[in-house]
Amino acid sequence: MTNNEEIVVLGGTGKTGRLVTRALRDAGHRVRPASRSGEVRFDWADESTWPAVLQGARALYLVAGPPGRNGLLARRAVDAGVRRLVALSGRGMEHCPPGSFPEMAEAERAVRESGVEWAIIRANNFHQNFSQDYWRDPLRAGRLALPTAGVPEPFVDTRDIAEVAAALLTGDGLDGRAYDVSGPRAFPFGEAIRLIAEASGRRIDFVDLTPEEYVAELRAEGITGDELAELVTTFEMLRAGHLAEPSDDVRRVLGREPIAFEDFVAEEAARGTWS
Ligand SMILES: NC(=O)c1ccc[n+]([C@@H]2O[C@H](COP(=O)([O-])OP(=O)(O)OC[C@H]3O[C@@H](n4cnc5c(N)ncnc54)[C@H](OP(=O)(O)O)[C@@H]3O)[C@@H](O)[C@H]2O)c1
């Protein structure tokens, strides 16, 4: 294999990027996992790190960088010889008010306008938000409170996102479209928390807040500005039902069922994630 066949994975140490790297390597591809602390140094804020990451690569997995950088990065990638871009984005992005989630909106635009083969992965909330990220500490403390109005969501496993990304980065000809990547079944947060509590053998409460109560709780935690606005919009999109339909795209791309939330919960509970 030559350098020309290498694949750049931005966010290569992150929740999806490290699994995209593993999936590609397992399939025999050469990968440059790139981030500030990863195998190949890449910093969105330091353009001097970009050329070495991009030069001679044939495809790139784009975890959105700061607004104002994504289009530039895509152009530099294409100039350096990259022929395919796959961007990670969020489920329901097409329904978001203009100006919301500017990083992901810009990453979507950057790959669409790149002039090379592209795909967008619009993922539901990750299973791993419950185990590695936002919701793990509240669950361990016994109370998760979010403004969901009981609307269901087909949460998705990062392992499925990574395998879809690896397939799109390496498969024959891309059709230039957005893939909705979800789990197999939609259910409310209250049910998700009940499954986690049962599997962990402990009491965990889910509190369905009003939007006003949610904003008050975020402010009390010191969350303000763009971060607060983004969280509020996330749950507006959820309550409007834009994230609620299970999609067939994992099955279409991978030829198998997506990982079920119950299986994820059993694995994590056995590891003591919420104990
Ligand atoms: N969580 C969800 O449910 C969900 C659902 C849909 C879409 N998304 C989208 O998914 C994206 C996040 O992807 P992820 O969860 O795979 O990543 P992640 O776990 O949030 O990790 C972020 C990655 O970006 C790298 N990074 C951070 N700052 C950087 C910088 N200045 N320069 C270069 N690299 C930098 C980090 O590595 P270093 O620290 O080594 O630099 C890390 O690899 C976001 O755009 C989010 O909106 C998330």
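**Group meeting: sheet and aromatic rings**

Let me start with one residue. S37 sits in the loop between strand 2 and strand 3. This is a predicted model, so keep that in mind throughout. Is S37 buried or exposed? Its relative accessible area is 63%, so S37 is exposed. Now look across to G11. S37 and G11 are 26 residues apart in sequence, and their C-alpha atoms are 9.7 Å apart in space.

From that loop, move to the sheet. It is an open sheet of seven strands. The order is 3-2-1-4-5-6-8, and the pairing is parallel. Which strands stand at the edges? Strand 3, residues 40-41, and strand 8, residues 178-181. Each has a single partner strand, so one side of each is left without a neighbour in the sheet.

Take the strand 3 edge. Strand 2, residues 31-35, pairs with strand 3 in the parallel sense, over two bridges. Within that pairing, A34 stands opposite V40 of strand 3.

Next, a helix on the sheet. Helix 4, residues 102-112, packs there. Helix 4 touches strand 4 (57-63), strand 5 (84-90) and strand 6 (117-123). Between the directions of helix 4 and strand 6, the angle is about 155 degrees.

Now strand 5. How many of its residues are buried? Seven of seven, so strand 5 is mostly covered. Both faces are covered. On one side, R84, V86, L88 and G90 are buried. On the other, L85, A87 and S89 are buried too.

What about the partners of strand 5? With strand 4, the pairing is parallel, over five bridges. There, V63 stands opposite L88. With strand 6, the pairing is again parallel, over seven bridges. There, L85 stands opposite W118, and L88 stands opposite I121. So keep an eye on L88: V63 in one direction, I121 of strand 6 in the other pairing.

The connections come next. The chain goes from strand 5 through helix 4 to strand 6, a right-handed β-α-β crossover. Strand 4, helix 3 (residues 70-79) and strand 5 also form a right-handed β-α-β unit.

Strand 6 itself: six of its seven residues are buried, so strand 6 is largely enclosed by the rest of the structure. Strand 6 also pairs with strand 8, in the parallel sense, over four bridges. In strand 8, A178 is the bridge partner of I120.

On to the rings. We describe an aromatic pair by the distance of the ring centres and the angle of the planes. How many aromatic pairs does the structure hold? There are 18.

Here is one. F155 and F261 have ring centres 5.8 Å apart and planes at 40 degrees, so this pair is tilted. The pair links distant parts of the chain, 106 residues apart. F155 is in the loop between strand 7 (143-146) and helix 6 (158-170). F261 is in helix 11, residues 261-270. Both F155 and F261 are buried.

Here is another. Y214 and F235 are edge-to-face, with 5.5 Å between centres and 75 degrees between planes. Y214 belongs to helix 8 (residues 211-220) and F235 to helix 9 (residues 225-239), 21 residues apart. Y214 and F235 are both buried.

These four rings belong to one aromatic cluster. Its other members include F130, Y134, W135, F187 and W274.

Last item: a charge over a ring. R177 lies over the face of Y179, 4.0 Å from the ring centre.

Conventions
Residues numbered from 1 in each chain as written. Predicted model: local features only at pLDDT ≥ 70, side-chain atom pairs only at ≥ 80, totals over all residues. Heavy atoms only, no water. Phe/Tyr/Trp six-rings, centres within 6.5 Å; stacked < 30°, edge-to-face > 60°. Buried < 20%, exposed > 50% of the residue type's maximum accessible area, 1.4 Å probe, protein only. Lys NZ or Arg CZ within 6 Å of the ring centre and 35° of its normal. Pairing = 2+ DSSP bridges. Contact = heavy atoms within 4.5 Å. Axes fitted to C-alpha atoms, helices over the stretch in contact; angles between N-to-C directions. Right-handed = clockwise from strand over helix to strand, strands pointing away.
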